[in-house]
4 protein chains.
Amino acid sequence: MAKLQKSIEKRNALIQATISLVNNNGFHATPMSKIAKMANVSPATIYLYFENKQDLLNKVYIEVKQAFTSYVFTNYTPDTPVADGFKLIWNRIADFKLKEMEEALFLAQCDNTPIIDETSRQEGLIHLQPLLDLWKRGQEEGILKPMSPYLLYAYSINPLSFLMVMQNRGAFKLNEETLEEAFQAAWNSISI
Amino acid sequence: MAKLQKSIEKRNALIQATISLVNNNGFHATPMSKIAKMANVSPATIYLYFENKQDLLNKVYIEVKQAFTSYVFTNYTPDTPVADGFKLIWNRIADFKLKEMEEALFLAQCDNTPIIDETSRQEGLIHLQPLLDLWKRGQEEGILKPMSPYLLYAYSINPLSFLMVMQNRGAFKLNEETLEEAFQAAWNSISI
Amino acid sequence: MAKLQKSIEKRNALIQATISLVNNNGFHATPMSKIAKMANVSPATIYLYFENKQDLLNKVYIEVKQAFTSYVFTNYTPDTPVADGFKLIWNRIADFKLKEMEEALFLAQCDNTPIIDETSRQEGLIHLQPLLDLWKRGQEEGILKPMSPYLLYAYSINPLSFLMVMQNRGAFKLNEETLEEAFQAAWNSISI
Amino acid sequence: MAKLQKSIEKRNALIQATISLVNNNGFHATPMSKIAKMANVSPATIYLYFENKQDLLNKVYIEVKQAFTSYVFTNYTPDTPVADGFKLIWNRIADFKLKEMEEALFLAQCDNTPIIDETSRQEGLIHLQPLLDLWKRGQEEGILKPMSPYLLYAYSINPLSFLMVMQNRGAFKLNEETLEEAFQAAWNSISI
DNA sequence: GATGAATGAGTATTCATTCAT
DNA sequence: CATGAATGAATACTCATTCAT
């Protein structure tokens with residue numbers, strides 16, 4: 001029991017170290033040895049938990065993406081009215097990006113870079129379905145513009161990533177006021 | 001003259017090779033030797049034009065960014081009415097992302113990654129001033145929401161990057177129709 | 001008793017695994033972990049039976065060599081006439097190489113390679129004495145050429161190793177006919 | 001010109017170092033770094049001349065084998081009478097094993113071990129054809145036993161490898177007398 | 001200017017071996 | 001006895017950079 005516990009902790013430490021180092025230095029400047037050191041294990045130990053560096057990265061990506069979607073859809077049920085549902089989900093996304101900035105930044109980097117395997121990328125996408133369903137419902141009800149979900153995502157969700165990156169670089173501050181402005185912009189862009 | 005010409009051509013070949021390789025393989029999988037090979041020069045030759053790999057990357061970034069802004073503001077004059085001016089600029093940006101996809105993808109990767117020096121990043125920003133001025137004018141005229149330019153950018157400009165990346169991955173198609181939808185979403189998000 | 005039995009079985013499994021893996025992949029590509037896996041034990045268990053990898057290899061060599069000589073001299077008694085005795089022993093050697101090919105191939109590889117300690121090699125040799133005695137007798141009786149036993153061995157015994165390796169590589173077939181030819185060649189080379 | 005010369009010298013130094021180290025320590029205990037050190041180059045330099053460790057080994061094997069066969073058939077012409085021809089070739093083989101012991105030992109190790117690629121092994125064989133032709137002629141003339149060339153090789157040629165290994169281990173001495181005995185044994189084993 | 005050969009300093013990965021359980 | 005997890009010490013191989021020509 002204690003052993004399993006320790007094993008899980010080590011794996012998590014590796015994942016956290018990877019996120020942190022890739023965020024700060026980029027994938028190309030994140031050697032396995034540094035990850036090991038930050039996680040307080042030997043480099044060889046990484047290979048007990050992950051097949052190789054690419055596998056480590058893929059697995060971290062998938063798990064962070066799952067944590068993200070899991071966080072996002074907490075409290076949401078498919079019978080929530082469209083406008084309320086969208087606001088709920090949007091706020092959870094914003095919350096996640098603010099509270100789990102490391103994870104969110106990591107995702108942003110992976111999503112704009114060819115460092116993740118295509119299959120892992122796909123695997124990360126499937127859990128977004130409830131949002132797509134919500135949008136479809138909104139379109140059927142005539143509340144949302146009849147556009148491709150990619151457009152809906154590009155204008156209502158993705159901007160948060162940009163804003164978070166800017167906040168991380170110290171150029172911009174996400175607070176109650178700017179978040180409200182952001183939500184209005186998001187809603188205006190997709191609602192009829 | 002012929003010599004200078006050849007020199008410039010070599011430099012351009014190096015820049016193009018860097019863009020192409022970083023796009024396809026990521027920075028971490030783009031060795032100098034490959035760049036040299038693709039540009040048909042010796043690895044040593046790179047160091048006649050750039051100080052080192054980081055310098056090469058920074059310079060490529062800055063030049064591509066300049067090409068981008070230069071393209072974007074062609075035909076635009078500061079006395080254009082706000083709505084027309086925004087539409088003009090927005091369309092040029094969309095144009096660039098469609099016609100110079102390699103360059104645009106490269107910028108998207110650099111902008112979400114810690115591979116570019118902060119100073120180079122700043123240098124890439126300064127040429128965006130005309131757009132910021134336009135927005136300020138629009139806000140003074142009560143046409144645009146009185147938000148931070150970061151918010152304006154996040155919602156009216158940045159989504160195009162996301163859409164382009166998606167198009168590049170084969171998931172989405174930017175055509176006359178979707179571009180029009182995109183523009184409406186952009187305008188709705190920032191206009192009062 | 002059952003415990004001792006199991007212990008012996010494990011040790012044998014380790015020896016067999018070592019032989020098989022070294023034969024197929026060579027010593028350099030035979031990690032302890034693979035040996036353990038093939039023998040269905042933990043890597044750590046190997047060290048309960050052998051001091052280290054070198055010791056494992058030496059012990060395997062010695063035991064296989066003993067199995068070989070023991071097999072070879074079964075039914076042979078020192079009072080057998082020289083010609084009969086040689087034929088008897090030669091046939092047993094040929095038999096062993098055909099029936100215990102794994103073991104024989106392992107010996108061939110060890111005998112031509114610096115992977116076995118010199119002392120272990122010596123230890124493997126001592127049990128060949130009956131053959132040396134037979135040869136001495138044959139020379140005293142004027143039946144065998146008065147040559148160094150190394151020459152006798154090189155021409156009458158060692159060729160079987162070569163033929164077995166060739167058969168293992170699929171290039172040659174040892175059957176009743178070729179074995180008879182081989183024996184004639186062997187006998188012709190050493191008899192007066 | 002001087003550059004090409006140096007290049008060839010470096011390559012040869014690498015080959016010699018490989019032979020020497022593999023002979024003394026075995027393939028498994030011959031790291032690239034040691035080979036580099038012995039050849040007075042950087043480890044990275046090896047990879048300018050050979051693709052990887054396996055390629056290095058294969059190439060060394062092939063070149064040594066070619067040197068061997070080339071040495072062996074010097075002075076031999078296909079019209080030499082069978083007995084004379086065999087004696088000539090046999091002596092050259094013995095000569096090579098005595099004078100180029102390092103090379104010969106290396107071949108012996110490679111020939112009894114799965115460290116060489118099968119294709120490289122095949123490539124090493126093709127140059128032995130003149131000997132096979134000689135044997136065929138001898139069989140047609142009724143001088144040699146009508147056996148498989150593998151048997152002829154096993155009994156008339158291969159024993160020299162064994163004797164050389166023994167001499168290298170200090171157990172046996174190849175001199176004029178023992179060489180003559182060896183030749184007689186070889187000839188007796190294959191001649192009618 | 002231009003180059004190709006050369007390399008030192010890494011880097012991912014492996015593996016023999018140990019040790020707490 | 002037996003083990004699986006852990007690791008330090010290699011090891012093959014890469015790559016940004018240099019330098020003699």
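Me: Which polar backbone atom is 2.5 Å from a phosphate oxygen of DNA strand F?

Reply: That atom belongs to M32(B). A polar contact here is a pair of N or O atoms within 3.5 Å; within protein, one must be able to donate a hydrogen and the other to accept it, and residues adjacent in sequence count only if both atoms are side-chain atoms. Before we go on, note that this is a predicted model, where local features need pLDDT of at least 70 and side-chain atom pairs count only at pLDDT 80 or more, while totals for chains, interfaces and linings use all residues. Residues are numbered from 1 along each chain as written, chains are lettered from A and ligands numbered from 1 in the order written, and side-chain values use heavy atoms, without hydrogens and water.

Me: What lies 2.8 Å from a phosphate oxygen of DNA strand F in chain D?

Reply: There are two such cases to look at. M32(D) offers a backbone N or O atom at 2.8 Å, and K53(D) a polar side-chain atom at 2.8 Å. Helices (DSSP runs of H or I, at least four residues, numbered from the N terminus) help to place the surface. Two or more residues near DNA strand F come from each of α3 of chain A, α2 (32-38) and α3 of chain B, α1 (2-25) and α3 of chain C, and α3 of chain D.

Me: How many residues are around DNA strand F, and which come nearest?

Reply: A residue is near a strand if one of its heavy atoms lies within 4 Å of it. There are 30 around DNA strand F, and A44(A), T45(A), M32(B), A44(C) and T45(C) come nearest. Of the strand F atoms within 4 Å of the protein, 67% are sugar and phosphate.

Me: How many residues surround DNA strand E, and which are closest?

Reply: For DNA strand E the count is 29, with A44(B), T45(B), M32(C), A44(D) and T45(D) closest. Sugar or phosphate makes up 68% of the strand E atoms within 4 Å of the protein, and bases the rest. Three polar contacts reach phosphate oxygens of DNA strand E: a side-chain atom of Y49(B) at 2.9 Å, a backbone N or O atom of M32(C) at 2.5 Å, and a side-chain N or O atom of Y47(C) at 2.9 Å.

Me: What turn and shift lay chain B on chain A?

Reply: In general, two copies of a chain are related by a rotation about an axis and a shift along it. Here the turn is 180° and the shift along the axis is 0.0 Å, with an RMSD of 0.1 Å. The two copies are thus related as by a two-fold rotation axis. The superposition is by least squares on the C-alpha atoms of residues with pLDDT of at least 70 in both. Contact means heavy atoms within 4.5 Å, and 98% of the contact residues of chain B recur in chain A.

Me: How far apart are the closest C-alpha atoms of chain B and chain C?

Reply: They lie 29 Å apart, and no contact joins these chains. Chain A and chain D do not touch either, with their nearest C-alpha atoms 20 Å apart.

Me: Is T30(D) buried or exposed?

Reply: Buried means under 20% relative accessible area, exposed over 50%, and partly exposed in between (1.4 Å probe, protein chains only). T30(D) is buried, at 1%. This residue sits in the loop between α1 (2-25) and α2 (32-38) of chain D. A polar atom of the T30(D) side chain lies 2.7 Å from the backbone oxygen of G26(D), and one lies 3.4 Å from that of L21(D).
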